[in-house]
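Biologist: Could you take me through one small part of this model and what surrounds it? I am new to it, so please explain your terms as you go.

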Amino acid sequence: MIAVMAPWMIVLPVAAVPLSQPASTLNRAGAQFVLQAAMRSAAQINAPCAIAVVDRSGELMAFDRFDNIRNGSPDLALWKARTSALMGRPFQKSDDNGSKDRTAPSIAGFVALRGGMLLKAGDTIVGAIGVAGIRNENDARIARDAASAFSNEAMGH
């Protein structure tokens, strides 16, 4: 019996093609570290806010909030974190090109407002942080401060 293969049927040896990649993940200690760094940054600039930390798949790992923040801030912090994690990019300036009335451009559960920042261990994205308070500028600063602190700690600096 002779087997005939079509030209589009290329068989590669299994060993030549990796079937998975090692993945770095954010653990509970890392999420708590980010949360505490963000709370310190917010307190230093007197910017009450809600803070959400998610893993790279956008699942909530840690959350905290100051007293007397706006009712929508907790949800908005989570949306900012999830958007950054799932889109694989920070949202620090993206709303500058959008509506000037501070409404959140949103599509399919994603929100593109400042205050979403990736968490990286080296070049690997392990999660994201979302911050929602009164001013997007403060949200961005707090998220950036916490992400930087995490990156430095993750790299052993």
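Does Ser41 count as buried or exposed, and at what relative accessibility?

Modeller: Happy to help! Ser41 counts as buried because its relative accessibility is 5%; buried means under 20% relative accessible area, exposed over 50%, and partly exposed in between, with a 1.4 Å probe and protein chains only.

Before going further, a word on the model. Residues are numbered from 1 along each chain as its sequence is written, and side-chain values use heavy atoms, leaving out hydrogens and water. The model is predicted, so local features need pLDDT of at least 70 and side-chain atom pairs count only at pLDDT 80 or more, while totals for chains, interfaces and linings use all residues. Here pLDDT is the predictor's confidence in each residue, from 0 to 100. The protein chain averages 83, and 71% of the residues score at least 70. Over residues 94-104, pLDDT stays under 50. Where pLDDT is low, the predicted coordinates should not be read in detail.

Now to the setting of Ser41. This residue lies in helix H1, residues 28-44; helices (H or I, at least four residues) and strands (E, at least two) are DSSP runs numbered from the N terminus. H1 has 17 residues and reaches 24 Å from its first C-alpha to its last, close to the expected 24 Å, where the expected span is 1.5 Å times one less than the number of residues. At the start of H1, a side-chain oxygen of Asn27 comes to within 3.2 Å of the backbone nitrogen of Ala29. Just after H1, Asn46 takes a positive phi of about 50 degrees.

Ser41 has company inside: the buried residues of H1 include Ala37, Ala38 and Ala42. Their cover includes S1, strand S2 (60-65), S5, S6 and H3. Leaving out residues up to four places away in sequence, Ser41 touches Arg141, Ile142 and Asp145, a contact being heavy atoms within 4.5 Å.

Let us follow Arg141, which is found in helix H3. With a relative accessible area of 40%, Arg141 is partly exposed. Beyond its neighbours within four places in sequence, Arg141 is in contact with Ser41 and Ile45. The C-alpha atoms of Arg141 and Met117 are separated by 9.8 Å, although the two are 24 residues apart along the chain.

Among the buried residues of H3 are Ile142, Ala143 and Phe150. Seen down the axis of H3, its buried residues fall within an arc of 165 degrees, so they line one face of the helix; the arc is that of the directions from the helix axis to the C-beta atoms. H1, helix H2 (73-87), S5 and S6 are among the elements covering them.

Finally, step out to the largest nonpolar core, where Ile51, Val53, Leu119 and Ile129 touch the most other members of its 23 residues. Such a core is a set of buried Ala, Val, Leu, Ile, Met, Phe, Trp, Tyr and Cys residues joined through side-chain atoms within 4.5 Å. H1, S1, strand S5 (116-121), strand S6 (124-132) and helix H3 (136-154) each supply at least two of its residues. H1, the helix that holds Ser41, gives the most to this core, with seven residues.

Methods:
A polar contact is a pair of N or O atoms within 3.5 Å; within protein, one must be able to donate a hydrogen and the other to accept it, and residues adjacent in sequence count only if both atoms are side-chain atoms.
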